[in-house]
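Biologist: I have a new structure to look at and no idea where to begin. Can you walk me through it?

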Amino acid sequence: MTIGSIKLVKEKKSRKSKQPVVDDHSPLLPKQDGGFDEFNGASFSGAVFNLSTTIVGAGIMALPATMKVLGLIPGIIMIILMAFLTEASIELLIRFSRTSKSVSYGGLMGDAFGKYGKMLLQICILINNIGVLVVYMIIIGDVLSGTTSSGTHHAGVLEGWFGAHWWNGRFFVLLVTTLGVFAPLACLKRIDSLRYTSALSVALAVVFLVVTVGITIFKLINGSILMPRLLPDFYDVASFLKLFTVVPVLVTAYICHYNVHSIENELEDSRQIRAVVQSALALCSSVFVLTSIFGFLLFGDATLDDVLANFDADLGIPFGSLLNDVVRVSYAAHLMLVFPIVFYPLRLNLDGLVFPSARPLTLDNLRFALISGGLIAIIFLGANFIPSIWDAFQFTGATAAVCIGFIFPAAVTLRDRYGIATKRDKILCTFMIVLAVFSNMVAIYSDAYALIKKNSSPRE
């Protein structure tokens with residue numbers, strides 16, 4: 001069951017008139033009794049909602065920490081720049097997919113670089129999505145059980161309510177959440193079955209943002225917030241190199257490329273896909289900018305890698321403790337409900353990579369259960385042993401995410417099998433590759449330098 005094996009006989013304006021031909025290994029449109037007979041196509045607003053849900057996940061929690069590294073002005077500029085680069089890379093994917101008649105990202109990579117190109121994409125999606133889901137679990141553990149940063153313990157919601165007990169420790173809470181929430185939702189075989197949980201997850205994310213903005217505005221009015229740092233503060237080589245560590249985090253925050261084709265395939269009018277992408281990116285960028293600004297304003301240089309962990313102290317406002325819990329619980333619940341949306345393509349790509357010639361996954365219950373259980377176990381272990389979301393974002397953002405978001409679309413464009421790339425396209429793609437490779441190499445070097453320096457420092 002490989003990605004990109006679906007081929008449409010011909011493109012038409014409306015989904016109602018499309019007649020897809022699907023082989024036995026199609027992962028995007030697995031064999032179902034109903035097929036397309038009763039589905040007339042997704043609406044524009046529904047497509048924007050689905051793509052926005054793909055984008056807004058755990059990445060938003062690390063964005064206030066990028067303001068702490070870059071300063072407010074460069075941080076906002078970088079968020080907006082990354083949105084434009086993401087839109088440009090997705091536009092290239094869509095344009096070249098239509099020319100090659102590919103209806104998936106994997107199909108496009110296979111058309112441009114053969115089966116090894118498709119396999120490389122599948123591996124990158126595995127790394128990226130496992131990393132993202134590990135981050136989800138880390139944040140949920142931070143929120144419910146607490147976290148320790150720089151020797152300071154930040155109490156979780158359950159610890160604050162009931163005190164410290166074995167049953168509200170990190171390992172046990174994540175185990176119960178995995179078995180009680182993640183596993184049942186991950187067992188659903190159709191992504192359409194998750195539409196209601198997705199809607200609720202977006203509403204919970206909005207609750208988080210509204211409460212955070214409200215708290216910050218209240219504290220601005222009563223004068224209890226200091227002026228934030230507008231520009232980066234660097235004083236040696238290590239602090240300068242640290243500026244580049246935000247690039248993988250920003251890249252990961254915008255990765256949605258692996259879901260663009262499936263959303264386009266469901267649109268009633270597939271010509272709307274570019275407007276869908278632009279609308280979703282505009283919406284998510286607004287949320288990212290607001291969260292970054294108000295999160296950094298609220299906590300300043302005390303902002304943690306996971307800003308939710310900051311909501312454990314007295315905010316100095318009426319009902320502060322209640323609002324702390326509302327913010328943390330609402331976003332933890334949001335991540336629980338978004339988890340299966342990211343897990344779905346993860347399972348599909350692993351199956352396509354390991355069992356490329358097998359029958360559709362939805363028809364093999366044993367294979368479905370083994371793959372689902374194995375992936376959930378890996379994610380659970382990762383969340384218990386990886387120390388922070390910044391570390392997870394650094395790894396996935398500097399490796400798989402940058403390939404999915406920029407390097408692969410640019411490589412397809414520069415390969416230009418059909419001679420449709422313009423000079424501007426090639427210049428843009430060269431810029432994206434150079435920026436991605438340089439920034440991520442410096443980010444990796446900076447992390448390694450800091451780790452070596454820390455380990456080589458004399459212990460007192």
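Modeller: Start with a definition: rings of Phe, Tyr and Trp, taking the six-membered ring of Trp, count as a pair if their centres lie within 6.5 Å. Keep in mind that this is a predicted model.

Biologist: How many aromatic pairs does the structure hold?

Modeller: It holds six aromatic pairs. One of them is formed by Phe 299 and Phe 311, which sit edge-to-face, 5.1 Å centre to centre with 85° between the planes.

Biologist: Where in the chain are Phe 299 and Phe 311?

Modeller: Phe 299 is in helix H11, residues 273-299, while Phe 311 is in the loop between H11 and helix H12, residues 320-354. They are twelve residues apart, and the pair links distant parts of the chain.

Biologist: Is Phe 311 buried or exposed? And Phe 299, buried or exposed?

Modeller: Phe 311 counts as buried because its relative accessibility is 1%. Phe 299 is buried too, with a relative accessible area of 15%. The cut-off for buried is under 20%.

Biologist: What about Phe 339 and Phe 343, stacked or edge-to-face?

Modeller: Phe 339 and Phe 343 are stacked, with 5.9 Å from centre to centre and 15° between the planes. Both lie in helix H12, four residues apart, which is about one turn of the helix. Phe 339 has 0% relative accessibility, so it counts as buried. Phe 343, at 1%, is also counted as buried.

Biologist: Which residues form a cluster with them?

Modeller: Phe 182 joins Phe 339 and Phe 343 in one aromatic cluster.

Biologist: Let's move to the core. Which residues touch the most other members of the largest nonpolar core?

Modeller: That core has 121 residues, and those touching the most other members are Leu 51, Ile 55, Phe 288, Tyr 331 and Phe 343. Phe 343 is thus part of the aromatic cluster and is also on this list.

Biologist: Which helix gives the largest share of the core?

Modeller: Helix H4, residues 105-145, with 19 residues.

Biologist: Take Leu 51. What is it in contact with, leaving aside its neighbours in sequence?

Modeller: Outside the stretch within four places in sequence, Leu 51 is in contact with Cys 256, Val 260, Ile 263, Val 276, Val 277 and Ala 280.

Biologist: Now the outside. Which residues make the nonpolar surface patch?

Modeller: Trp 161, Phe 162, Trp 166, Trp 167, Phe 172, Val 176 and Val 329 make it, and the patch covers about 740 Å². The elements giving two or more residues to it are H5 and helix H6, residues 170-186.

Biologist: Where is Phe 172?

Modeller: Phe 172 is in helix H6. With a relative accessible area of 31%, Phe 172 is partly exposed.

Biologist: And Gly 160, where is that?

Modeller: Gly 160 is in helix H5, residues 157-162. It counts as exposed because its relative accessibility is 57%. Gly 160 is 15 residues from Ser 145 in sequence, and their C-alpha atoms are 9.0 Å apart.

Biologist: Different topic: Lys 219. Buried or exposed?

Modeller: Lys 219 counts as buried, at 12% relative accessibility. Its place is in helix H7, residues 195-221. Not counting residues up to four places away in sequence, Lys 219 touches Ser 224, Ile 225, Leu 298, Leu 315 and Ile 317.

Biologist: What about backbone angles?

Modeller: Most residues other than glycine have a negative phi. Lys 101 is not a glycine, yet has a positive phi of about 60°. Asp 416 is not a glycine either and has a positive phi of about 45°.

Biologist: Where do Lys 101 and Asp 416 sit?

Modeller: Lys 101 is in the loop between helix H3, residues 72-100, and H4. Asp 416 is in the loop between helix H14, residues 389-415, and helix H15, residues 423-456. Lys 101 is exposed, with a relative accessible area of 52%, whereas Asp 416 counts as buried at 14%.

Biologist: Last one: how many helices and strands does the protein chain come to?

Modeller: There are 15 helices and four strands. The chain has 460 residues, and buried residues make up 54% of them. Its accessible surface comes to about 20,200 Å², with 67% belonging to carbon and sulfur atoms. Among contacts between residues at least 6 apart in sequence, 81% join residues at least 24 apart.

Terms used: Residues are numbered from 1 along each chain as its sequence is written. This is a predicted model: local features need pLDDT of at least 70, side-chain atom pairs count only at pLDDT 80 or more; totals for chains, interfaces and linings use all residues. Side-chain values use heavy atoms; hydrogens and water are left out. Buried means under 20% relative accessible area, exposed over 50%, partly exposed in between (1.4 Å probe, protein chains only). Rings of Phe, Tyr and Trp (its six-membered ring) pair if their centres lie within 6.5 Å; planes under 30 degrees apart count as stacked, over 60 as edge-to-face and the rest as tilted. A nonpolar core is a set of buried Ala, Val, Leu, Ile, Met, Phe, Trp, Tyr and Cys residues joined through side-chain atoms within 4.5 Å. Contact means heavy atoms within 4.5 Å. Patches are made of residues with over 30% relative accessible area and no salt bridge: like charges are joined within 9 Å, nonpolar side chains (Val, Leu, Ile, Met, Phe, Trp, Tyr) within 5 Å. Accessible areas come from the Shrake-Rupley method with a 1.4 Å probe; for residues, only the protein chains shown count as cover. A salt bridge is a side-chain nitrogen of Lys or Arg within 4 Å of a carboxyl oxygen of Asp or Glu.
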